[in-house]
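Open the model in your viewer and follow the stops below in order. Each one says what to select and what to look for.

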Amino acid sequence: MTAPLRASEPIVVKVALGERSYDIVIGRGILASLGRRIAALRPAARVAIVSDETVGRLWLAATREALGDIDAAVPVIVPAGEHSKSFPVFERVCEALIDARIERGDLVVALGGGVIGDLAGFAAAVVRRGLDYVQVPTTLLAQVDSSVGGKTAIDSRYGKNLVGAFHQPVLVVADTALLDTLPAREFRAGYAEVAKYGLIGDAAFFAWLEANWREVFAGGPAREHAIAVSCRSKALTVSRDERETGERALLNLGHTFGHAFEAAAGFSHRLLHGEAISLGMVCAFALSAKRGLASAAEVERVRRHLAATGLPTHLSEVAGGLPDADRLLELIAQDKKVKRGKLTFILARGIGNAFIASDVDAGEVRSFLIEKLAERC
Ligand SMILES: NC(=O)c1ccc[n+]([C@@H]2O[C@H](COP(=O)([O-])OP(=O)(O)OC[C@H]3O[C@@H](n4cnc5c(N)ncnc54)[C@H](O)[C@@H]3O)[C@@H](O)[C@H]2O)c1
Ligand SMILES: [Zn+2]
């Protein structure tokens with residue numbers, strides 16, 4: 001997974017949101033430019049880094065060094081993992097920022113994966129009624145998805161991401177070299193979201209991924225390209241529909257099924273989010289084919305590509321198994337509003353042509369799941 005460090009021109013993707021617009025800077029080795037970029041944006045700002053223990057061990061020293069002369073508070077380090085998106089850890093982060101005298105005009109730097117981005121971003125949204133923050137995403141999922149778009153949240157006992165705010169960062173610095181230390185399984189899980197952008201609206205990108213995914217994994221220039229295309233796609237969707245009243249929902253391709261599988265597996269290492277999304281996207285295409293919207297050949301093409309990268313594509317691959325169709329349907333209905341027995345799914349009229357279908361009958365999903373659960377790989 002490692003590749004030699006080399007200096008390359010970073011790619012800049014703009015998120016156009018009027019006065020809340022910001023740049024996503026993507027490149028190998030660009031962490032070193034963090035201090036310069038922050039100083040250019042907020043010349044007198046103090047900075048507080050929020051990170052987790054794992055990322056802290058690997059990348060905190062380099063990040064502090066990259067801040068150069070900037071006045072930095074004692075870093076706030078929380079345990080790694082989803083459990084940190086909780087009220088007690090959130091309280092600790094808020095109090096630490098206040099204790100460090102981070103004021104309006106100062107900056108919070110979220111150094112980590114989606115957990116840190118969501119947690120630190122939400123703390124930044126509410127401490128002193130709103131601090132600016134910079135995302136330094138360290139997982140593939142965070143570089144292509146969670147660091148872009150301003151959704152921040154922690155989890156409630158009733159479910160994930162139920163307490164949060166829309167709060168856009170002022171800058172995203174995505175150094176692709178930081179992904180070299182990411183466990184292969186985490187990288188692969190993040191890749192499911194990369195493939196998702198092709199499947200939603202960019203058939204040419206999906207075809208490019210089929211040809212180039214190995215280089216994306218290996219860390220060649222294809223990695224930067226794949227991340228940039230993904231960010232451009234998300235940035236465009238977010239700029240058109242920041243608060244998800246319409247088309248931003250397309251980004252949930254594979255997520256209605258996927259969330260149910262994740263919940264069934266107890267949000268555990270049995271099934272990572274991206275792995276659940278891989279299964280969910282195959283299901284979304286298979287359900288589309290059942291409705292005569294996509295061809296069987298296209299479903300197989302989607303499945304074959306995801307499987308080639310090592311992602312699960314059959315429900316039988318979930319370690320420990322999944323519950324029956326009724327229970328899965330219950331989980332889907334819990335996650336989504338059900339209107340007169342109808343569910344909303346993101347379906348596709350072929351690769352690169354996803355749409356919001358609000359008329360999916362619960363019975364139709366149930367019989368579909370029964371079929372899928374019976375399949376063996
Ligand atoms: N805000 C959004 O729009 C949005 C979108 C998608 C997902 N999310 C959220 O993102 C979270 C998942 O994010 P994630 O998959 O990045 O998980 P994560 O932040 O838990 O990171 C996964 C694991 O990898 C470790 N890690 C991170 N960077 C590393 C690196 N460079 N080297 C080695 N180890 C590293 C972490 O310590 C952690 O153990 C979920 O809570 C999800 O709800 C948010
Ligand atoms: Zn996702």
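**Stop 1: a ring pair in helix 7**

Select Trp-213, which counts as buried because its relative accessibility is 11%; buried means under 20% relative accessible area, exposed over 50% and partly exposed in between, with a 1.4 Å probe and protein chains only. This is a predicted model, in which local features need pLDDT of at least 70, side-chain atom pairs count only at pLDDT 80 or more, and totals for chains, interfaces and linings use all residues. Residues are numbered from 1 along each chain as its sequence is written, chains are lettered from A and ligands numbered from 1 in the order in which they are written, and side-chain values use heavy atoms, leaving out hydrogens and water.

Add Phe-217, also buried, at a relative accessible area of 12%. Trp-213 and Phe-217 sit 4 residues apart in helix 7 (residues 203–218), about one helical turn. Helices (H or I, at least four residues) and strands (E, at least two) are DSSP runs, numbered from the N terminus.

The structure holds 8 aromatic pairs. Trp-213 and Phe-217 form an edge-to-face one, 5.4 Å centre to centre with 85° between the planes. Rings of Phe, Tyr and Trp (its six-membered ring) pair if their centres lie within 6.5 Å; planes under 30 degrees apart count as stacked, over 60 as edge-to-face and the rest as tilted. Now add Phe-187 and Tyr-191: ring pairs link them with Trp-213 and Phe-217 into a cluster.

**Stop 2: helix 4**

Select residues 114–126, which are helix 4. How many of its 13 residues are buried? The count is 12, and among them are Gly-114, Asp-118 and Phe-122. Just after helix 4 comes Arg-128, with a positive phi near 50°.

**Stop 3: ligand 1**

Select ligand 1 and the 26 residues that surround it, each with a heavy atom within 4 Å. The closest are Glu-82, Thr-138, Thr-139, Lys-151 and Thr-181. Helix 2 (53–66) gives the largest share of the shell, 4 residues.

Next, show three side chains. An N or O atom of Asp-52 is 2.8 Å from an oxygen atom of ligand 1. Lys-85 has a polar side-chain atom 2.8 Å from an oxygen atom of the ligand. For Asp-118, a polar side-chain atom lies 2.9 Å from a nitrogen atom of ligand 1. Polar contacts here are pairs of N or O atoms within 3.5 Å.

Definitions and conventions:
A polar contact is a pair of N or O atoms within 3.5 Å; within protein, one must be able to donate a hydrogen and the other to accept it, and residues adjacent in sequence count only if both atoms are side-chain atoms.
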